[in-house]
Amino acid sequence: MTNNGARRSSTWFGASGRAGMNHRSWMRSQGFTPEVFDGRPVIGIATTWSELAPCNVHLHRVAESVKRGVWQSGGFPLEFPAMALGETLLRPTAMLYRNLLAMEAEELIRANPLDGVVLLSGCDKTTPGLLMAASSVDLPAVMVTGGPMLSGKYQGADVGSGTAVWRFEEDLLAGRMTAEECVFAEGCMARSNGHCMTMGTASTMASMAEALGMQLPYSATWPAVDSRRYETAQRAGQVIVDLVNSDLRPSAIMTRDAFENAIRVNAAIGGSTNAVIHLLAIAGRLGVELDLDDFDALAQDVPTLLNLQPSGQYLMEDFCYAGGLPAVMRELGGLLHGDAVTVTGRTVAENVVGAPCWNREVIHALDDPFQPAGTGTAVLRGNLAPDGAVLKQSAASAHLLKHRGRALVFDSPEAYYAVVADQDLDADEDTVLVIRYCGPRGYPGMPEVANVPLPAKLLRRGVRDMVRICDARMSGTAYGTVVLHVAPEAAAGGPLALVRTGDWITLDVPSRLLTLEVPDAELELRRSQWTAPPPQASRGWTRLYTEHVQQANTGCDLDFLVGGSGSAVGRDSH
Ligand code: FES
């Protein structure tokens, strides 16, 4: 609503004279009857559909279901495209463009005659990107994620997208799988529309949207091809009209309590470490106080309840049939802020009361968890990561959580890949692989390259995990004892840039420490000899991004995009 109580869209469509005629007439070229301009809520449907983003390719169909719900409830739906970020194709990394999607969608929502918006996302970055946009504009909003693919099936067994790729790559390197078998397996992993069906970043962020209260209960888990996905989308179309009428905005839903709920749910589902970066960025748009240490502190007393790949055995389809996210949230009970309000207009507690669990193998009970409390995301600090780093304990090897080894340093993943198959590589199972200059500025875009495969000679000896340290991210579908998101990154002059091959490094996860065993005086000497890498780009988005991107410990937003500017627009030029 505007200050005088009129609907925001009516300042376009309800205007008199030439301006109003312009706004209405051109819309009628689409065949709309004049009644759609009678002051009813105008609902934007932001879709990240693209054939270049296969995880989101069915969102056109989802949008049609949303439109049905909007019409049913007396609204006027208008679908519009927002930048589609496909994780598998975009180079150098889709993360380079998350903030561009957020900026584009923010401007489109604000600049158009919309009273509310439905956000259609799926692949990893599309969910946080759209939530960041909606947070900054703060018009009523509902998210509908596209849902996971059906479970992959290969040689009679379930295979998880993403997670299986890492394993197949290692099996190929170790000679346990042929190239022909790999090609066949590719088709077995992606059997339907939808995003990755492990608890990767897409499934995690869909769950985070639901835990934050921004999408309807069960939205995160219905498979993309399930009729109930479309039923939920239609319901979301009805709900957004209610939200506009009640003026319930993202800032009233995504409160500090909602973020605390999301962090605890993320621990319970064994969610992706990428949620740390994305939730920090969304909170930054809303002005909610949240910092890196909250992710460790709030998760300390939350056990992992969900037995899903990559931390466990099952896949999103199993999670759906076992009861979905409401069953997990109901199980968490008093660990959550039950009075947090959601897009349903009801509280979290009201949404999940009575949510059944149908399979305790998949969703464990709080008193019989899949993994004990304290095995979630650990936040590490020390002279190697003064601003923090993270490690996903549930995906790591227990015997490596306290480890001391000599560094083997590479200034890029490519440099490491050039020697990974080298039989003479000076590495054993105690070696600490350091891969650097892969952070937000360094790569640029902070790609998911931290979990580099182990040296081939060690894989052949049966070694399955080693400590790896990197200023990049790791796919939510990946596993291993990998220290991620080291801040400040090497390209920003963080101490990671000063490590040399042969240095001793100590990882002590129980004490939350990451220590480079080099005297301060020696580090100062090395710093005096260090030169920053040249800029990644002289023009365009990459230049804007690298000049303004913040570090991982605050969410990698651009410094000038933090916060919100609301839904008010500049003067009408017509
Ligand atoms: Fe799109 Fe995994 S590649 S969700």
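This is a short walk through a predicted model, from its buried helices to its cavities, pockets and unusual backbone spots.

Start with helix α8. This helix is mostly covered, with 11 of its 11 residues buried. The buried residues include Thr201, Met205, Met208, Glu210 and Ala211. Several elements pack against them. These are α5, β4 (141-145), α11, α12, α14 and α15. After α8 comes Gly213, which has a positive phi near 95°.

Now turn to α15, residues 324-332. Seven of its nine residues are buried, so the rest of the structure largely encloses this helix. The buried ones are Gly324, Leu325, Pro326, Ala327, Val328, Met329 and Leu332. Their cover includes α8 (201-211), α11 (256-269), α14 (316-322) and α16 (348-352). Just after α15 sits Gly333, with a positive phi of about 45°.

Next come two helix pairs. Two packed helices are described by the angle between their axes and the distance between the axes. Take α5 (residues 126-137) and α12 (residues 274-286) to begin with. Their axes come within 8 Å and cross at roughly 10°. An angle under 35 degrees counts as roughly parallel, so α5 and α12 are roughly parallel to each other. On the α5 side, the contact is made by Pro128, Leu131, Met132, Ala133, Ser135 and Ser136. On the α12 side, His278, Ala281, Ile282, Arg285 and Leu286 meet them. The residues of this contact divide into seven nonpolar, three polar and one charged.

The other pair is α11 and α12. Here the axes come within 11 Å and cross at roughly 175°. These helices are therefore roughly antiparallel to each other. From α11, the contact uses Phe259, Ala262, Ile263 and Asn266. From α12, it uses Ala275, Leu279, Ile282, Ala283 and Leu286. By class, this contact has eight nonpolar residues, one polar and no charged. Ile282 and Leu286 of α12 appear in the contact with α5 and also in the contact with α11.

What about the spaces inside? The structure holds five cavities of 30 Å³ or more. The largest cavity has a volume of about 90 Å³. Of the 13 residues that line this cavity, the closest to its centre are Asn266, Ala267, Gly271, Gly376 and Thr377. Helix α11 gives the largest share of the lining, three residues. By class, the lining has four nonpolar, eight polar and one charged residues. Asn266 thus links two parts of the picture: it lines the largest cavity and takes part in the contact of α11 with α12.

Pockets are open spaces. About 1100 Å³ of space lies in the largest pocket. It is lined by 40 residues, and the closest to its centre are Glu87, Thr88, Val165, Trp166 and Glu448. Four helices each supply at least two lining residues: α6 (163-173), α7 (179-189), α8 and α17 (413-417). The lining divides into 19 nonpolar, 14 polar and seven charged residues.

The backbone has its own points of interest. Most residues other than glycine have a negative phi, and most peptide bonds are trans. Which residues depart from this here? Tyr218 has a positive phi near 80°. Tyr218 lies in the loop between α8 and α9. At 24% relative accessibility, Tyr218 is partly exposed. In the loop between α8 and α9 (227-246) is also Ser219. Ser219 is buried, with a relative accessible area of 1%. Leaving aside neighbours within four places in sequence, Ser219 is in contact with Thr145, Glu210, Arg229 and Thr232.

Tyr437 has a positive phi too, near 65°. Tyr437 is in the loop between β10 and α18. Tyr437 is buried, with a relative accessible area of 16%. The loop between β10 (432-435) and α18 (456-460) also holds Pro444. The peptide bond from Tyr443 to Pro444 is cis, with omega near 5°.

Another cis peptide bond joins Arg91 and Pro92, where omega is about 0°. Pro92 lies in the loop between β2 (76-81) and α4 (98-111).

Last, look at Pro54, in the loop between β1 (42-47) and α3 (59-72). Pro54 is partly exposed, with a relative accessible area of 40%. Its C-alpha atom and that of Cys470 are separated by 29 Å, and the two residues are 416 residues apart along the chain.

Note on methods. Residues numbered from 1 in each chain as written. Predicted model: local features only at pLDDT ≥ 70, side-chain atom pairs only at ≥ 80, totals over all residues. Heavy atoms only, no water. Buried < 20%, exposed > 50% of the residue type's maximum accessible area, 1.4 Å probe, protein only. Contact = heavy atoms within 4.5 Å. Axes fitted to C-alpha atoms, helices over the stretch in contact; angles between N-to-C directions. Parallel < 35°, antiparallel > 145°, perpendicular 65-115°, else oblique. Nonpolar A, V, L, I, M, F, W, Y, C, P; charged D, E, K, R; others polar. 1 Å grid on protein atoms, 1.4 Å probe; cavity = no way out; pocket = protein on both sides within 12 Å on 5 of 7 lines; lining within 4 Å. Points joined across faces, edges and corners; volume = space filled by probe spheres on them.
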